[in-house]
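With the structure open in a viewer, please follow this tour one selection at a time. Each stop says what to select and what is found there.

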Amino acid sequence: MVEIAPFIEKLPKVELHLHIEGSLEPELMFSLAQRNKIKLPFKSVEEVRKAYDFSNLQDFLDIYYQGMGVLQTEQDFYDLTWAYLEKCAAQNVIHTEIFFDPQGHTGRGIKFETVLNGITRALDDGKKKFGISSGLIMCFLRHLSEEAAFKTLEQAIPYKSRIIGVGLDSSEKGHPPSKFARVFAKARTEGFLIVAHAGEEGPPEYVWEALDVLKVNRIDHGNRSLEDTALVARLVKEGMALTVCPLSNLKLCVVRDMRNHPLKKMLELGLKATVNSDDPAYFGGYMNDNYKAVAKALNLEKSHLLTLARNSVEASFLTDAEKSVLLQKVNAYGRS
Ligand code: HPA
Ligand code: ZN
């Protein structure tokens, strides 16, 4: 571990699974609450952190939706996104594809445009000031209706050039991908790339549906795919990427102990696994923290870490030319 930590820190990394609202640190939550004259149910940052003790996905989501209530103005969304990009710059993340949850905001009376403009202005500045490239993925909240998702898709269509893909998140169990078959079919005809959270808490059948019904380009999480050998064979054959989130899995009790995390097994099976931070402000760490935690627990070697970094580049929504530039960076680092 003595030498793996600095190796991870300097490794050029790509992030593919990050909910921007999940990067809201308690300090920023307090300062935005003050700016917007919102009363929080917590007295201090320490009290907020203490509340981040989850036994499942829903426990977390309840606090996550409450936390995002402090985001009101375009500048708030800018500040949130900028704070995340500063972490990326500090942790050598060179490209990031981030999720946002418009329904978490429009449902509270915030305009879709307010959210989108704040986030994209920060992403543009991230490219200019840090050289970090990015993509934006709009997620539908799966606990809400198909009709609500359709409305959200309609709102996004005029801004197609600023949103690379659509995804599916929130409470998984009881809300299978097939619930949104028609919304995703429409999104595909509009030219959006497709991702979906599947197999985090939900069964392997949800991963099959994400592939066959939604026709995803990547699977978010996908841990429970390992319960189904035919599914693993399919994912390997198609080179379908899984955006795995180790610290999230630990905090949401998807794994009981990091030493039991399936990441190494995924790589051994030939799955295109990647490492990501999901909701770093809630789960205890950004990209380097995720890489380090899993590397330590599973005794990963430099070759595993380079494979993970290459997988993320290959699974990104960049063009082939852009991918080859980033792959050269990772490969050059591996030889140095
Ligand atoms: N799973 C489902 N929905 C989410 C998550 C997650 O890990 N994070 C934010 N919304
Ligand atoms: Zn997620």
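Begin by selecting β1 and β2, which pair in the parallel sense over 3 bridges; within this pairing, Glu-15 stands opposite Thr-96 of β2. Please keep in mind throughout that this is a predicted model.

Next, extend the selection to the whole sheet, an open one in which 8 strands follow the order β1-β2-β3-β4-β5-β6-β7-β8 with parallel pairing. At its edges stand β1 (13-15) and β8 (272-275), and because each has a single partner strand, one side of each is left without a neighbour in the sheet. If you look from one strand to the next, the twist averages 25°. Now add helix α15 (residues 287-298), which packs on the sheet and touches β1, β2 and β8, its direction making about 105° with that of β1.

Return to β2 and select residues 93-100 together with β3, residues 133-141; these two strands run parallel and are joined by 6 bridges. One pair to pick out here is His-95 and its bridge partner in β3, Ser-133. As for the surroundings of β2, 8 of its 8 residues are buried, so the strand is largely enclosed by the rest of the structure.

The next stop is the metal site. Select the zinc ion (ligand 2) and show the side chains of His-17, His-19, His-197 and Asp-278, which coordinate the ion through NE2 of each histidine and OD of the aspartate at 2.0 to 2.3 Å. Along the chain, these donors follow the spacing H-x1-H-x177-H-x80-D. Are His-17 and His-19 buried or exposed? Both His-17 and His-19 are buried. Turning the view around the zinc ion (ligand 2), you will find that its 4 donor atoms subtend angles of 82 to 175°, and the arrangement is therefore irregular.

Finally, select the cysteines. How many disulfides are there? The count comes to 0 disulfides. Cys-139 takes part in none, the nearest cysteine sulfur being that of Cys-245, 12 Å away, and Cys-139 itself is buried, with a relative accessible area of 0%. Moving on to Cys-253, its closest cysteine sulfur is again in Cys-245, at 15 Å, which is too far for a bond. With a relative accessibility of 25%, Cys-253 counts as partly exposed.

Notes
Residues numbered from 1 in each chain as written. Chains lettered and ligands numbered in written order. Predicted model: local features only at pLDDT ≥ 70, side-chain atom pairs only at ≥ 80, totals over all residues. Heavy atoms only, no water. Pairing = 2+ DSSP bridges. Helix = DSSP H or I, 4+ residues; strand = E, 2+ residues; numbered from the N terminus. Axes fitted to C-alpha atoms, helices over the stretch in contact; angles between N-to-C directions. Contact = heavy atoms within 4.5 Å. Donors = N, O, S within 2.8 Å, 3.2 Å for Na, K, Ca; no water. Tetrahedral: all angles 85-135°; square planar, octahedral: opposite > 155°, others 65-115°. Buried < 20%, exposed > 50% of the residue type's maximum accessible area, 1.4 Å probe, protein only. Disulfide = S-S within 2.5 Å.
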